[in-house]
Amino acid sequence: STINNGVYRCGFATSQGAYDKAIQELTESFDHIDEILQKQRYIAGDQFTEADIRLFVTLLRFDEVYTVYFKTNTRYVFHTPAILNYCREIYQMPGVAETVDMEQIKAHYYCSHVELNSYSIIPKGFDFMKLLQEPHNRDSL
């Protein structure tokens with residue numbers, strides 16, 4: 001939950017101290033998730049669980065939305081091979097890709113909080129979705 005809630009704690013922090021605490025905890029949690037996923041296929045072990053679904057939807061938005069909009073730019077999914085390949089595997093599971101509309105996700109986030117983006121400008125990004133279509137290496141875990 002420090003990843004899922006941590007991005008919002010960073011984004012809606014109302015003081016530097018609150019942001020600093022939130023980003024430190026988020027960064028530590030991101031690194032911990034990376035360590036776990038370097039050793040095992042899913043968060044809870046060999047079984048795909050609800051924890052993986054909850055983490056995936058946050059990681060899916062992380063680089064394209066949260067690093068910019070919520071100032072969570074101490075880590076990136078695309079710079080973290082174990083996490084990127086974890087996201088690739090889940091994205092490539094039957095039925096998952098069809099549920100992801102990054103343009104809609106970005107439009108929703110960048111245009112729904114006027115206090116964070118008063119002109120509703122949606123950054124172009126770097127096409128994270130294309131990265132998710134590349135083969136993953138999770139079968140070896």
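**Notebook: core, helix packing and cysteines**

**Entry 1, the core.** I began with the largest nonpolar core, which has 39 residues. The residues with the most contacts inside this core are Leu 59, Leu 60, Val 77, Ile 83, Tyr 86, Cys 87 and Leu 132. I keep in mind that this is a predicted model.

Next I looked up which helices feed the core. At least two residues each come from α1 (6-11), α2 (16-39), α3 (50-69), α4 (81-91), α5 (102-112) and α6 (128-132). Which helix gives the largest share of this core? I found that α3 does, with eight residues.

**Entry 2, Ile 83.** I picked one of the core residues with the most contacts, Ile 83, and asked what it touches. Setting aside neighbours within four places in sequence, I find Ile 83 in contact with Phe 30, Ile 33, Asp 34, Leu 37, Leu 59 and Val 77.

**Entry 3, α2 against α4.** I then turned to a helix pair. The angle at which α2 and α4 pack is about 70°, and their axes are 8 Å apart. Angles of 65 to 115 degrees count as roughly perpendicular, so I note α2 as roughly perpendicular to α4.

Which residues make this contact? On the α2 side I list Phe 30, Ile 33, Asp 34, Leu 37 and Gln 38, and on the α4 side Ala 82, Ile 83 and Tyr 86. Sorted by class, the contact of α2 with α4 has six nonpolar residues, one polar and one charged. Ile 83 appears here again, as part of the α4 side.

**Entry 4, cysteines.** How many disulfides does a search of the whole structure find? I got zero. Cys 10 is in no disulfide, and the nearest cysteine sulfur to its own belongs to Cys 87, 18 Å away. Why does Cys 87 have no bond to Cys 10? A disulfide needs the two sulfur atoms within 2.5 Å, and the sulfur of Cys 87 is 18 Å from that of Cys 10, so the pair is too far for a bond.

I also checked whether these cysteines are buried or exposed. The cut-off for buried is under 20% relative accessible area. Cys 10 has 2% relative accessibility, so I count Cys 10 as buried. Cys 87 has 1%, so Cys 87 is buried too.

**Entry 5, Thr 67.** My last stop was Thr 67, which lies in helix α3. With a relative accessible area of 6%, Thr 67 is buried. Not counting residues up to four places away in sequence, Thr 67 touches Phe 62, Thr 72, Asn 73, Arg 75 and Tyr 76.

Terms used: Residues are numbered from 1 along each chain as its sequence is written. This is a predicted model: local features need pLDDT of at least 70, side-chain atom pairs count only at pLDDT 80 or more; totals for chains, interfaces and linings use all residues. Side-chain values use heavy atoms; hydrogens and water are left out. A nonpolar core is a set of buried Ala, Val, Leu, Ile, Met, Phe, Trp, Tyr and Cys residues joined through side-chain atoms within 4.5 Å. Buried means under 20% relative accessible area, exposed over 50%, partly exposed in between (1.4 Å probe, protein chains only). Helices (H or I, at least four residues) and strands (E, at least two) are DSSP runs, numbered from the N terminus. Contact means heavy atoms within 4.5 Å. Axes are lines fitted to C-alpha atoms, for helices over the stretch in contact, and angles run from 0 to 180 degrees between N-to-C directions. Angles under 35 degrees count as roughly parallel, over 145 as roughly antiparallel, 65 to 115 as roughly perpendicular and the rest as oblique. Ala, Val, Leu, Ile, Met, Phe, Trp, Tyr, Cys and Pro count as nonpolar, Asp, Glu, Lys and Arg as charged, and the others, Gly among them, as polar.
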